[in-house]
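Visitor: I would like a close look at one charged side chain and its surroundings, with the cut-offs stated wherever a term depends on them.

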Amino acid sequence: MRHPLRLFRHSHPRALLATAVLALACQSAMAADTLVFAFEELLPWKTRTQGGYGGAYTEIVRELARRAEMTLEFRNCPLKRCLYMLEQGHADVAIGLRDTPERRRYLNFLKTPYREHSSDKVFYILRDQSPDIRSYEDLAKLRIGVTSGATYFDPFDRDTALAKEDVPQTESNFRKLALGRLDAVVVPEDQGEAHVARLALRNKVTKAAYRVPDPSPRSVAVSKKSVDAATLDKLERAMEGMVRDGTLAALIKRHYYEALNVPLDSVRIR
């Protein structure tokens with residue numbers, strides 16, 4: 001049997017060139033069939049545990065990749081790193097990002113949104129013990145729990161006269177509220193209802209009358225640098241199909257309402 005190295009050395013140059021071209025073509029085809037997901041944990045929509053990646057938003061991207069006949073690859077990153085990867089073309093898609101003019105420089109947002117509008121910003125208070133909050137002016141002199149690094153709405157975010165107490169995790173604010181160490185907790189309604197269900201606080205806390213709507217839609221973000229027009233079109237058609245055949249609504253029902261034990265009438269996700 002001839003030594004494989006000798007076979008390689010005595011191979012015809014054209015054969016070697018053909019082999020190299022074929023290898024590169026296969027490698028390119030594999031890359032083209034992979035959809036790189038810039039993943040930043042966003043409870044309860046995107047979760048990461050020892051069992052893997054979960055949450056309704058994660059399942060939406062999984063289904064999107066399946067319909068586009070692409071293999072989904074996860075890349076874990078904090079928000080700023082995720083945005084950089086998308087801008088440079090090191091990642092292909094992300095979900096849960098706000099659509100801004102700055103981000104549109106390097107991102108396409110699918111025409112069909114996975115949510116027609118974002119969640120209202122609401123204030124949770126103790127049931128039957130706290131005075132209701134009916135207007136912005138009612139926030140004065142209240143101890144309000146906020147999450148570090150989060151933004152809510154104007155003028156709240158810029159209002160330095162309000163007594164805001166920040167913690168790294170929203171769940172801690174709900175625990176403090178239940179213990180009477182806060183007067184109110186501000187949070188997007190979808191996240192708030194998930195925390196209330198997980199901590200079994202349904203009979204302990206309630207939502208104040210005052211809320212701030214957020215009518216902005218949410219769409220999957222796609223890197224302009226790494227995703228070509230043909231692939232973008234496949235993703236567009238896949239998302240449109242998910243909405244049309246009811247798959248999107250079913251994923252949210254299963255992985256948000258049912259998985260987190262959130263009552264259907266407590267918050268409307270659409």
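Visitor: Is Arg62 buried, exposed or partly exposed, and what is its relative accessible area?

Guide: Arg62 is partly exposed, with a relative accessible area of 31%, where buried means under 20%, exposed means over 50% and partly exposed lies in between, using a 1.4 Å probe and protein chains only. This is a predicted model, in which local features need pLDDT of at least 70 and side-chain atom pairs count only at pLDDT 80 or more, whereas totals for chains, interfaces and linings use all residues. Residues are numbered from 1 along each chain as its sequence is written, and side-chain values use heavy atoms, with hydrogens and water left out.

Arg62 forms a salt bridge with Glu59, their closest N and O atoms being 2.7 Å apart; the term requires a side-chain nitrogen of Lys or Arg within 4 Å of a carboxyl oxygen of Asp or Glu. Because the two residues are 3 residues apart in helix α3, about one helical turn separates them. Helices (H or I, at least four residues) and strands (E, at least two) are DSSP runs, numbered from the N terminus. Glu59, for its part, counts as buried, at 17% relative accessibility.

The surroundings of this helix include a nonpolar core, that is, a set of buried Ala, Val, Leu, Ile, Met, Phe, Trp, Tyr and Cys residues joined through side-chain atoms within 4.5 Å. In the largest such core, which has 34 residues, Ile60, Val220 and Tyr256 touch the most other members. The elements giving two or more residues to this core are β1 (34–39), α3 (56–67), α7 (229–244) and α8 (247–260), and α3 gives the most, with 6 residues.

Other salt bridges can be set beside the one in α3. Asp99 pairs with Arg104, again with closest N and O atoms 2.7 Å apart; Asp99 is partly exposed at 34% relative accessibility, and Arg104 is partly exposed at 40%. Glu165 and Lys176 form another, with closest N and O atoms 3.3 Å apart. Glu165 lies in strand β9 (residues 163–167) and Lys176 in helix α5 (residues 170–178), so this pair ties together parts that are 11 residues apart in sequence. Glu165 is partly exposed, with a relative accessible area of 28%, whereas Lys176 is buried, at 14%. Elsewhere, salt bridges with shared partners join Asp120, Glu189, Glu193, Arg202, Lys207 and Arg211 into one network. The count of salt bridges by this rule comes to 26.
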